[in-house]
Amino acid sequence: MATSSAPDAGAKLAEKAEVRDYFNSTGFERWKRIYSDSDDVNKVQRNIRLGHQKTVDQVLQWLQEEGDLPGRSFCDAGCGVGSLSLPLAQLGAGSIAASDLSEAMVEEARRRLEASGLAAERVQFSASDLESLQGRYDTVVCLDVFIHYPQAAAEEMVRHLGGLAERRLIVSFAPYTPLLALLKSIGQLFPGPSKTTRAYTLRENGIVAAAAEAGFRPRRRSLNQAPFYFSRLIEFERG
Ligand SMILES: C[S@@+](CC[C@H](N)C(=O)[O-])C[C@H]1O[C@@H](n2cnc3c(N)ncnc32)[C@H](O)[C@@H]1O
């Protein structure tokens, strides 16, 4: 069960290796189907797909409302199979650097890019963990990845990603609520990516405070839900 205490460096590395192994093996098979229109999913997976699509659609709507997609650069941190990056490229985004810890997820994202008919250079996919990301982007987006980060590590990551973002930072995470904690403790809710990796819920005020330290304040929020999916989405702007 998730805790909010920060694990030591060795434990952190071991946990990250576990997450990478999972998303390169059984997790890859599972999530590649959830993030697709395949009928080969059970009811829970179908609901997670629906909830996740709400998150992606909300982000795309915000980005389109902001306008000037061709003039902006994007970093999709923990991109999975490209569920955000591919439609964003389709909408004409200027440049997209998308990366994921799992080589298998990145390979699948490249395959989907090729199958989409979009020019290969429209999205630069690479295998990388969030910690290693560098560069400067107009907008940095990190969706449904913090489920693998305990509170202190997630806050550290928000500061890191904020340092890469010139104007805007968008993150989503499973929010801590007493009801969720209870449901989780009795195994009634599965808001996270797997039953085999640890899933952390996060306190929103800590995430907002970390973003403030990186120079960002919340601009818009939404709560995207479906049975078995519960995700807080926050758009931060600099200033
Ligand atoms: C639930 S999926 C979400 C994928 C994508 N952001 C989306 O919304 O479609 C979580 C992804 O986070 C990736 N991930 C987990 N820990 C990571 C880390 N430390 N660095 C980069 N990616 C990570 C996993 O490999 C997986 O592809």
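The following exercises, each with a worked solution, concern a predicted model of a protein structure.

**Exercise 1. The length of a helix**

Task: Determine whether the distance between the ends of helix α3 agrees with the span expected from its number of residues.

Solution.
Step 1. Helix α3 covers residues 43–66, which is 24 residues.
Step 2. The expected span is 1.5 Å times one less than the number of residues. For α3 this gives 34 Å.
Step 3. The end C-alpha atoms of α3 are 35 Å apart, which agrees with the expected span.
Step 4. The two ends can then be examined. At the N-terminal end, Asn42 acts as a cap: one of its side-chain oxygens lies 3.1 Å from the backbone nitrogen of Val44. Just after the helix, Gly67 has a positive phi of about 80°.

**Exercise 2. The order of the strands**

Task: State which strands stand at the edges of the seven-stranded sheet, and explain why one side of each has no neighbour.

Solution.
Step 1. The sheet is open, its pairing is mixed, and its strands follow the order β3-β2-β1-β4-β5-β7-β6.
Step 2. The edges are formed by β3 (123–127) and β6 (216–226). Each of them has a single partner strand, so one side of each is left without a neighbour in the sheet.
Step 3. Neighbouring strands of the sheet are turned against each other by 15° on average, direction ignored.
Step 4. One pairing serves as an example. Strand β2 (residues 95–100) runs parallel to β3, and five bridges join them. Among the paired residues, Ala98 has Phe125 in β3 as its bridge partner.
Step 5. Helices may now be added. Helix α5 (residues 103–116) packs on the sheet, where it touches β2 and β3, and its direction makes about 160° with that of β3. Helix α6 (residues 151–164) lies across β1 (73–77), β4 (137–142), β5 (165–173), β6 and β7 (229–238), and runs at about 145° to β5.

**Exercise 3. The nonpolar cores**

Task: Identify which residues touch the most other members of the largest nonpolar core, and which element gives the most to this core.

Solution.
Step 1. In soluble globular proteins, nonpolar side chains tend to be buried together.
Step 2. The largest nonpolar core of this model has 30 residues, and the members touching the most others are Leu130, Phe146, Leu161 and Phe236.
Step 3. At least two residues each come from β1, β4, α6, β5, α8 (204–213) and β7. The most are given by α6, with six residues.
Step 4. Beyond residues up to four places away in sequence, Phe236 touches several residues, including Leu169, Val171, Ile207, Val208, Ala211 and Phe216.
Step 5. A second, separate core has 25 residues, among them Val59, Leu60, Ala89 and Leu118.
Step 6. Helix α8 is considered next. Its buried residues include Glu204, Ile207, Val208 and Ala211, and the buried residues of this helix pack against α6, β5, β6 and β7.

**Exercise 4. Buried or exposed**

Task: Decide whether Glu235 and Tyr229 are buried or exposed, and describe their surroundings.

Solution.
Step 1. A residue counts as buried when its relative accessible area is under 20%.
Step 2. Glu235, in strand β7, has a relative accessible area of 0% and is therefore buried. Its side chain makes a polar contact with the side chain of Arg168, at 3.4 Å. The residues it touches include Trp62, Arg217 and Arg219.
Step 3. Tyr229 also lies in β7. Its relative accessibility is 6%, so it counts as buried. Among the residues that Tyr229 touches are Asn47, Ile48, His52 and Asp144.
Step 4. The C-alpha atoms of Tyr229 and Val44 are separated by 9.0 Å, although these residues are 185 residues apart along the chain.

**Exercise 5. Positive phi without glycine**

Task: Locate Asp68 and Phe228, and state what value phi takes in Asp68 and in Phe228.

Solution.
Step 1. Most residues other than glycine have a negative phi.
Step 2. Asp68, in the loop between α3 and β1, is not a glycine, yet its phi is positive, about 50°. With a relative accessible area of 48%, Asp68 is partly exposed.
Step 3. Phe228 is in the loop between β6 and β7, and its phi is positive, near 75°. Its relative accessibility of 27% makes Phe228 partly exposed.

Conventions: Residues numbered from 1 in each chain as written. Predicted model: local features only at pLDDT ≥ 70, side-chain atom pairs only at ≥ 80, totals over all residues. Heavy atoms only, no water. Helix = DSSP H or I, 4+ residues; strand = E, 2+ residues; numbered from the N terminus. Polar contact = N/O pair within 3.5 Å; in protein donor to acceptor, adjacent residues only side chain to side chain. Pairing = 2+ DSSP bridges. Axes fitted to C-alpha atoms, helices over the stretch in contact; angles between N-to-C directions. Contact = heavy atoms within 4.5 Å. Core = buried A, V, L, I, M, F, W, Y, C linked by side-chain atoms within 4.5 Å. Buried < 20%, exposed > 50% of the residue type's maximum accessible area, 1.4 Å probe, protein only.
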